Every structure is written in structure tokens, then in C-alpha cells.
Amino acid sequence: MSSPPTLLIVAISGLSSTGKSTIASYLPSVFPSPFYQLTILHVDDFYKPQAGLPHREGLLDWDCAGSIDWPRLEDAVKKWKEGEDVEHGIVNPQPDFATGGEHGIKQALVQDLRDETSRATKLMVWGTRLQRILILDGFLLFTPSTPVSFRSILDLKILLRAPYAEAKRRREARSGYQTME
């Protein structure tokens with residue numbers, strides 16, 4: 001009888017346009033198979049319906065913790081921990097290196113990280129158990145306005161930072177974004 005998989009919940013948070021989704025999308029390439037199964041959940045998929053969003057200065061406020069359906073997100077994490085399929089979960093996605101690295105992440109760097117991860121995991125005493133890793137990608141994951149019940153389930157917290165001018169430039173370059181500024 002094989003032992004149950006080891007579970008790890010990694011949260012990547014930071015301002016809009018700091019690279020959270022980019023990093024999350026490349027992590028599956030870093031961890032060697034068949035010992036890892038990664039699932040990515042984008043917190044953007046857990047916004048409340050528009051009718052339930054808070055308002056600020058007469059406008060819908062998508063940029064606050066009150067815009068996220070935390071109970072639904074917590075339920076998705078609970079289901080993942082129990083081995084169930086997760087709403088909006090992306091299991092073992094593979095980034096598309098053929099595009100030439102739109103975000104500046106080179107395939108050689110990913111391969112170096114993969115090799116280093118492979119070497120490091122050989123030193124760990126995990127045997128042949130499958131390591132299940134959940135990557136949560138979203139802003140406002142670590143703020144005081146984020147429910148404590150949610151923050152307490154996170155095993156590893158990664159906060160991405162970028163200079164304000166760079167984050168603003170990246171966000172303005174995206175289509176469909178409007179900020180309150």
C-alpha cells in the first residue's frame with residue numbers, strides 16, 4: 001500500500017502586474033514528474049458576481065478583498081486537499097516556450113531550475129510518494145482584510161514586488177484594465 005501524497009499550498013501574491021500568473025504558469029516546468037502534481041488556482045476566477053461587488057466612489061471596486069468570494073475559494077482548496085477535482089483548477093499545465101518568452105523567462109533558466117529542483121529533491125527523504133502542490137495566484141492574499149481562516153491554510157507565502165512605475169506600465173499595457181486612479 002502506498003502512502004498518501006504530501007500536500008503543499010503555495011500562495012503567490014503582490015500588486016497587479018508583478019508577475020504572479022507568469023511565475024505560477026512556469027512552476028510546473030520546474031518540478032520534475034512523475035513525483036509532483038501541480039494544480040494552479042487563479043484567485044481572479046473567484047470574484048463575486050458583479051451584483052455582489054463593493055463600491056468605492058460610485059464605482060465597482062474589483063481591487064479589494066471584499067470583491068473575492070473567500071468561502072468559495074476556501075471550499076476549492078478544501079476539495080483539492082481531499083483529492084477532488086477543483087473548480088477552475090489547472091492541473092500540470094505546460095507553458096508555451098514556442099512564443100519566444102513574451103515575459104522574458106528563458107527556457108534555459110527554467111531547465112536550470114528544474115535540474116536544481118531535481119537534485120534538491122533527491123536529497124529529501126520523500127521516497128516515491130507523489131507530492132501534490134497547489135499554487136494560488138492572486139493579489140490581496142496576505143492582507144489583514146483577507147480572512148484569517150484562509151491565510152492560515154497557506155504553507156508557503158511568496159510576495160512579489162515591483163517598482164510602482166513598472167507595475168503601472170505593465171498594467172496599462174494590458175487590454176481591458178481600468179483602475180480607480
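The following dialogue examines how several terms apply to this predicted model.

Visitor: How many helices and strands does the protein chain have, and in what order do the elements run?

Guide: The secondary structure comes to 5 helices and 7 strands. Read from the N terminus, the order is β-α-β-β-β-α-β-α-β-α-β-α.

Visitor: Why is Lys-20 said to have no salt bridge?

Guide: Lysine counts as positive and aspartate as negative, and the nearest side chain of opposite charge to Lys-20 is that of Asp-137, 5.2 Å away. A salt bridge requires a side-chain nitrogen of Lys or Arg within 4 Å of a carboxyl oxygen of Asp or Glu. The distance of 5.2 Å does not meet that limit, and therefore no salt bridge is assigned to Lys-20, although this residue is buried.

Visitor: Where does Lys-20 lie, and which residues is it in contact with?

Guide: Lys-20 belongs to helix α1, which covers residues 20–30. Leaving aside neighbours within four places in sequence, its contacts include Asp-137, Gly-138, Phe-139 and Leu-160, as well as Ile-12 and Leu-15. Contact here requires heavy atoms within 4.5 Å, so Asp-137 can be in contact with Lys-20 without forming a salt bridge with it.

Visitor: What makes a group of residues a nonpolar core?

Guide: The members must be buried residues of certain kinds, Leu and Val among them, joined through side-chain atoms within 4.5 Å. The largest such core has 21 residues, and Leu-41, Leu-73 and Leu-136 have the most contacts inside it. Strand β1 (6–14), helix α2 (70–81) and strand β6 (131–137) each supply at least two of its residues, with α2 giving the most, 5 residues. Not counting residues up to four places away in sequence, Leu-73 touches Leu-41, Val-43, Phe-46, Leu-136 and Phe-150. A second, separate core has 14 residues, including Ala-24, Leu-27, Val-110 and Leu-160. In soluble globular proteins, nonpolar side chains tend to be buried together.

Visitor: Why is strand β2 described as largely enclosed?

Guide: A residue is called buried when its relative accessible area is under 20%. In β2 (residues 36–42), 6 of the 7 residues are buried, and the strand is therefore largely enclosed by the rest of the structure. For the protein chain of 181 residues, 35% count as buried.

Visitor: How do you know that β2 and β6 pair?

Guide: Pairing requires at least two bridges between two strands. Strands β2 and β6 are joined by 7 bridges, so they qualify as a pair, and they run parallel. Within this pairing, Thr-39 stands opposite Leu-134 in β6.

Technical notes. Residues are numbered from 1 along each chain as its sequence is written. This is a predicted model: local features need pLDDT of at least 70, side-chain atom pairs count only at pLDDT 80 or more; totals for chains, interfaces and linings use all residues. Side-chain values use heavy atoms; hydrogens and water are left out. Helices (H or I, at least four residues) and strands (E, at least two) are DSSP runs, numbered from the N terminus. Buried means under 20% relative accessible area, exposed over 50%, partly exposed in between (1.4 Å probe, protein chains only).
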